[in-house]
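The following paragraphs walk through one protein model, moving from a helix pair to strands and then to single residues. Please keep the sequence and the structure in view while reading.

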Amino acid sequence: MIITKPCYVDKLKSLQNVLIVCVDDDVPLANGCVSFTELTQADDIELSRPEISPEYTLSMPYSSGTTMLPKGVMMITHKGLVTSIAQKVDGENPNVNFTGDDVILCFLPMIHIYALDALMPSAMRTGAAILIVPRFELNLVMELIQRCSYAQEDAVRLKFPNAIFGQVFHYMVLIFHYLKDMSQALEDSDEVFSHVYLFIMDLSVLLRRFPRKNKECLNIPCIIRISRHEHRISFNSSLTPEKLICGVCHWKIDTNYGRYSCVKGCNYGVHSKCATREDVWDGEELEGKPEDPYEDISSFIEISEGIIQHFSHQDHHMRLDEKTDRAFDENNYCQACTLPICDDIIYSCIQCDFILHQECAQLPRKKHQVTHPHSLSLQVGHQGCALFECKACLRSSNGFAYLCDEEDYEYMLDVCCASIAEPLDHRCHQHPLFLTFEPRSKQICSVCHKSQGHRLNCGECGFVACFGCATLPNKLRYKHDEHVLLFSYEEEVNGQYFCEVCEKEANPKNGVYMCHDCNVILHIKCLLGKDENIMHGVVIEYPEVDVSILLNDRLSRNICKSCDKLCKHKIVYEVSDFEICSLKCLEFCCSIFYYVCLMFIFSFSMFYS
């Protein structure tokens with residue numbers, strides 16, 4: 001049996017009674033050849049086991065022909081090879097410190113004694129993998145070293161046989177210019193560095209060792225686009241003296257290792273592991289692909305000065321209203337963000353009560369957002385008549401939404417969460433906040449004290465803000481107060497405070513709305529309601545039923561038909577003349593209603609059958 005590459009099969013056709021195994025499965029096999037994959041899948045139990053003596057010859061390696069012509073030497077027995085392997089890798093202090101987590105880069109021919117005796121059996125003994133390179137090509141070897149120079153715990157051992165030092169000197173200068181200062185290597189050939197094992201024997205022998213957990217670095221993309229930066233970034237493995245902070249995790253970047261940097265020259269860098277996270281990168285390699293021109297599509301057409309036609313309200317025109325001292329009306333709210341109109345600049349419909357904040361009217365039709373690797377498009381088709389759940393804050397809403405452009409991703413954000421950018425300067429905290437969370441991890445929010453996934457972290461202290469708390473409006477109005485209420489969060493609180501609505505204790509450590517003129521304090525839920533992102537005055541399509549959302553402003557409060565408690569929240573849900581106090585009770589009630597309908601249909605069909 002001979003194991004070789006398909007390009008050498010023609011040289012072996014004259015041999016008889018020899019099984020030829022080809023290692024390249026991507027190339028069509030010649031007649032009479034077997035693929036290496038087929039060989040490895042064979043059942044070795046069916047094969048007869050030959051009687052082997054420890055003194056039998058195991059292999060016949062060929063010399064390199066330095067004295068005369070290349071010749072085979074019958075010098076290795078089974079016993080000799082096992083002993084040689086044990087001397088290298090066994091024991092508490094082995095000469096070759098291979099482990100099962102290693103991947104060995106080998107470009108030596110397998111007929112060579114060094115590959116046959118030192119590399120292949122030693123790796124097999126320890127469970128290490130071998131990455132075979134067809135031949136020593138400097139560019140290829142350098143690329144593999146640069147792309148996989150991650151292992152901080154590894155070491156370099158240098159051995160320079162005097163006879164061949166001059167032949168490989170120029171190669172080693174290039175390699176060690178990347179790894180460490182060459183002058184230090186020449187002072188002491190036994191110097192221990194980090195990252196790579198180098199063994200130089202015969203004409204040029206290079207053994208590269210790196211952890212198997214990082215062998216995906218061989219396929220690391222060259223140019224990509226991530227959600228945290230507006231430009232493309234490219235993989236950079238060269239040593240530079242610059243100091244960079246990772247744009248994703250905001251930890252220091254060690255420029256001795258590979259990282260990504262902006263192709264436009266921005267002072268922006270990202271760890272390679274951070275840049276290729278599934279929540280940061282869309283998985284597309286952009287090398288060789290032209291940049292798509294980013295088209296900033298406006299959400300409205302300007303008809304005249306102060307008059308627009310918004311794409312979400314095409315039947316009527318809207319007028320700019322710059323008055324900020326208007327009387328507060330809790331029935332007026334923005335159709336995009338669903339928040340009540342305070343002293344904001346707005347666009348209001350000339351013919352109906354459709355209102356948008358100026359900032360909401362100017363939202364882009366398409367955008368890239370830091371929480372998601374794909375582009376998002378502004379959606380208004382569901383507006384008013386259906387609910388969706390924001391993936392960042394997990395709140396239900398019937399306002400505008402940003403939807404992922406990829407069909408396989410059901411990712412939606414409300415416009416408040418979609419407006420979050422880094423760094424976020426929030427009035428409740430003195431330091432900037434960053435999006436540094438790991439996928440599927442959770443942390444306790446410093447404001448609401450709930451365990452949350454999507455969150456913003458302070459880079460200087462332990463402050464954490466979930467998206468629900470980070471997107472709370474800075475100011476709101478209360479119908480029984482003529483002043484504006486400001487959102488307040490205090491870590492250190494002296495004294496007791498009580499909510500104006502529920503008359504229970506209101507602790508600023510949990511976030512409250514406060515009027516500094518008359519000392520009125522309200523809980524967030526008491527001011528905004530339990531389902532704060534849902535607009536009232538509309539009918540939504542719920543499974544099997546139509547649900548009316550009403551403002552709960554009656555003098556008497558009805559009993560919820562689901563939980564049998566008073567409907568005390570800001571809005572109520574009306575289903576077939578029944579009032580439901582919250583969305584949670586509505587989901588339960590509709591599930592019961594759906595079950596009853598199914599039972600009725602089943603009973604009706606059974607009666608007439």
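In this predicted model, a good place to begin is the pair formed by helix α2, which spans residues 78–89, and helix α3, which spans residues 113–126: the two pack at an angle of about 70°, with 9 Å between their axes. Since angles from 65 to 115 degrees count as roughly perpendicular, α2 and α3 are therefore described as roughly perpendicular to each other. On the α2 side the contact is made by L81, S84, I85, K88 and V89, and these meet L116, D117, A118, P121, S122, R125 and T126 of α3. Sorted by character, the residues of this contact between α2 and α3 comprise 6 nonpolar, 3 polar and 3 charged ones.

Stepping back to the whole chain, the protein contains 12 helices and 40 strands. Of its 609 residues, 44% count as buried. When the contacts with a sequence separation of 6 or more are considered, 54% of them are accounted for by residues that lie 24 or more positions apart.

Among the strands, β17 (residues 300–304) and β18 (residues 307–310) run antiparallel and are joined by 4 bridges. Within this pairing, S304 has I307 of β18 standing opposite. The hairpin of β17 and β18 leaves 2 residues between the strands, and G306 adopts a positive phi there, near 80°.

Further along the chain, an open sheet of 3 strands can be traced in the order β28-β31-β32, with antiparallel pairing. Its edges are occupied by β28 (433–434) and β32 (464–466), and because each of these has a single partner strand, one side of each is left without a neighbour in the sheet. The partner of β28 is strand β31 (residues 455–458), to which β28 is paired in the antiparallel sense over 2 bridges. In register terms, L433 stands opposite C458 in β31.

The next stretch to consider carries a record-based label: an unreviewed UniProt entry annotates residues 547–586 as "domain: DC1-like C-terminal". Over residues 547–586 the chain is 10% helix and 32% strand, while the C-alpha atoms at the two ends are 9 Å apart.

Where does E574 lie, and which residues does it touch? E574 is placed in strand β39, which covers residues 571–575. With a relative accessibility of 24%, E574 counts as partly exposed, because that class lies between the limits of 20% for buried and 50% for exposed. Apart from its neighbours within four places in sequence, E574 is in contact with D546, V547, S548, L550 and R554. The C-alpha atoms of E574 and I549 are 6.4 Å apart in space, although 25 residues separate the two in sequence.

The residue I534 gives a second local view, this time from a loop, the one between α11 (524–528) and β37 (538–542). At 5% relative accessibility I534 counts as buried, because the cut-off for that class is under 20%. Leaving out neighbours within four places in sequence, the contacts of I534 are T338, L387, S396, S397, N398, I549, I571, Y573 and L583. For L387, one of these contacts, the C-alpha atom is separated from that of I534 by 8.1 Å, with their positions 147 residues apart along the chain. The list also includes I549, I571, Y573 and L583, whose numbers fall within the stretch 547–586 that the UniProt annotation covers.

Technical notes:
Residues are numbered from 1 along each chain as its sequence is written. This is a predicted model: local features need pLDDT of at least 70, side-chain atom pairs count only at pLDDT 80 or more; totals for chains, interfaces and linings use all residues. Side-chain values use heavy atoms; hydrogens and water are left out. Two strands pair if DSSP finds at least two bridges between them. UniProt positions are given in the numbering used here, feature names are shortened, and annotations may be inferred rather than shown by experiment. Axes are lines fitted to C-alpha atoms, for helices over the stretch in contact, and angles run from 0 to 180 degrees between N-to-C directions. Angles under 35 degrees count as roughly parallel, over 145 as roughly antiparallel, 65 to 115 as roughly perpendicular and the rest as oblique. Contact means heavy atoms within 4.5 Å. Ala, Val, Leu, Ile, Met, Phe, Trp, Tyr, Cys and Pro count as nonpolar, Asp, Glu, Lys and Arg as charged, and the others, Gly among them, as polar. Buried means under 20% relative accessible area, exposed over 50%, partly exposed in between (1.4 Å probe, protein chains only).
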